[in-house]
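Let's take a relaxed walk through a protein fold. Have the picture open while you read, and turn it around as you go.

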Amino acid sequence: MSLTMLEEKTCSVFDIINSYNGITIEELIDNLNSKYADSFFFNAHVTLDDLIETNVLIRRLKIDNGCIFITERGKQYLNTLK
């Protein structure tokens with residue numbers, strides 16, 4: 001299956017979030033920066049804030065006490081992307 005650029009970015013972000021039991025936005029940004037230091041991962045068309053906000057609204061992610069968590073719905077979506 002061929003993923004769109006947005007799906008690839010979502011999958012990468014979800015993989016990082018899923019590997020933690022709650023991650024702060026700062027930790028997420030640090031992880032993305034170290035993983036994609038040589039590439040231009042986010043741009044004006046798709047920001048990290050937009051990706052997180054959209055996925056919170058559709059209940060794939062949740063934010064609690066400043067930490068981002070992946071929900072069961074998010075895990076199911078991540079599995080469809082892989």
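Start with Asp64: its bridge partner in strand S3 is Cys67. Keep in mind that this is a predicted model. Asp64 and Cys67 sit where strand S2 (residues 61-64) and S3 pair up, in the antiparallel sense and over four bridges. Cys67 also has Thr24 standing opposite it. That brings in strand S1 (residues 23-24), which is joined to S3 by two bridges and runs antiparallel to it.

Put these together and you get an open sheet of three strands, in the order S1-S3-S2, with antiparallel pairing. Which strands stand at the edges? They are S1 and S2; each has a single partner strand, so one side of each has no neighbour in the sheet. Helix H3 packs on this sheet and touches S2 and S3, and its direction makes about 100 degrees with that of S2.

Now look at the two faces of S3 (residues 67-70). In a regular strand the side chains alternate between the two faces of the sheet. Here, Ile68 and Ile70 make up the covered face, while Cys67 and Phe69 are on the uncovered one.

**Two residues with a positive phi**

Most residues other than glycine have a negative phi. Two residues here go the other way, and the table puts them side by side.

| Residue | Place | Phi | Relative accessible area |
|---|---|---|---|
| Arg59 | loop between H3 and S2 | near 65 degrees | 63% |
| Asn65 | loop between S2 and S3 | about 50 degrees | 74% |

Arg59 is exposed, and Asn65 is exposed too. Asn65 belongs to the hairpin of S2 and S3, which has two residues between the strands.

**Helix against helix**

Two packed helices are described by the angle between their axes and the distance between the axes. Helix H1 (residues 5-18) and helix H3 (residues 48-57) pack at about 80 degrees, and their axes are 11 Å apart. Are they roughly parallel or roughly perpendicular? Angles of 65 to 115 degrees count as roughly perpendicular, and H1 and H3 therefore fit that description.

Where they meet, H1 brings Leu6, Lys9, Thr10, Val13 and Phe14, and H3 brings Leu48, Leu51 and Asn55. Sorted by type, the residues of this contact are five nonpolar, two polar and one charged.

Leu6, found in H1, is worth a closer look. With a relative accessible area of 46%, Leu6 is partly exposed. Setting aside neighbours within four places in sequence, Leu6 is in contact with Val46 and Leu51. Try finding Asn21 as well: Leu6 and Asn21 are 15 residues apart in sequence, and their C-alpha atoms are 24 Å apart in space.

**The nonpolar core**

In soluble globular proteins, nonpolar side chains tend to be buried together. The largest nonpolar core in this model has 18 residues, and those with the most contacts inside it are Val13, Ile17, Leu28, Leu32, Leu61 and Ile68. At least two residues each come from H1, helix H2 (25-35), H3, S3 and helix H4 (72-81). Which element gives the largest share? That is H1, with five residues.

For a single example, pick Ile17. Not counting residues up to four places away in sequence, Ile17 touches Ile23, Leu28, Leu61, Ile68, Phe69 and Ile70. Among these partners you'll recognise Ile68 and Ile70, the covered face of S3.

Methods. Residues are numbered from 1 along each chain as its sequence is written. This is a predicted model: local features need pLDDT of at least 70, side-chain atom pairs count only at pLDDT 80 or more; totals for chains, interfaces and linings use all residues. Side-chain values use heavy atoms; hydrogens and water are left out. Axes are lines fitted to C-alpha atoms, for helices over the stretch in contact, and angles run from 0 to 180 degrees between N-to-C directions. Angles under 35 degrees count as roughly parallel, over 145 as roughly antiparallel, 65 to 115 as roughly perpendicular and the rest as oblique. Contact means heavy atoms within 4.5 Å. Ala, Val, Leu, Ile, Met, Phe, Trp, Tyr, Cys and Pro count as nonpolar, Asp, Glu, Lys and Arg as charged, and the others, Gly among them, as polar. Buried means under 20% relative accessible area, exposed over 50%, partly exposed in between (1.4 Å probe, protein chains only). Two strands pair if DSSP finds at least two bridges between them. A nonpolar core is a set of buried Ala, Val, Leu, Ile, Met, Phe, Trp, Tyr and Cys residues joined through side-chain atoms within 4.5 Å.
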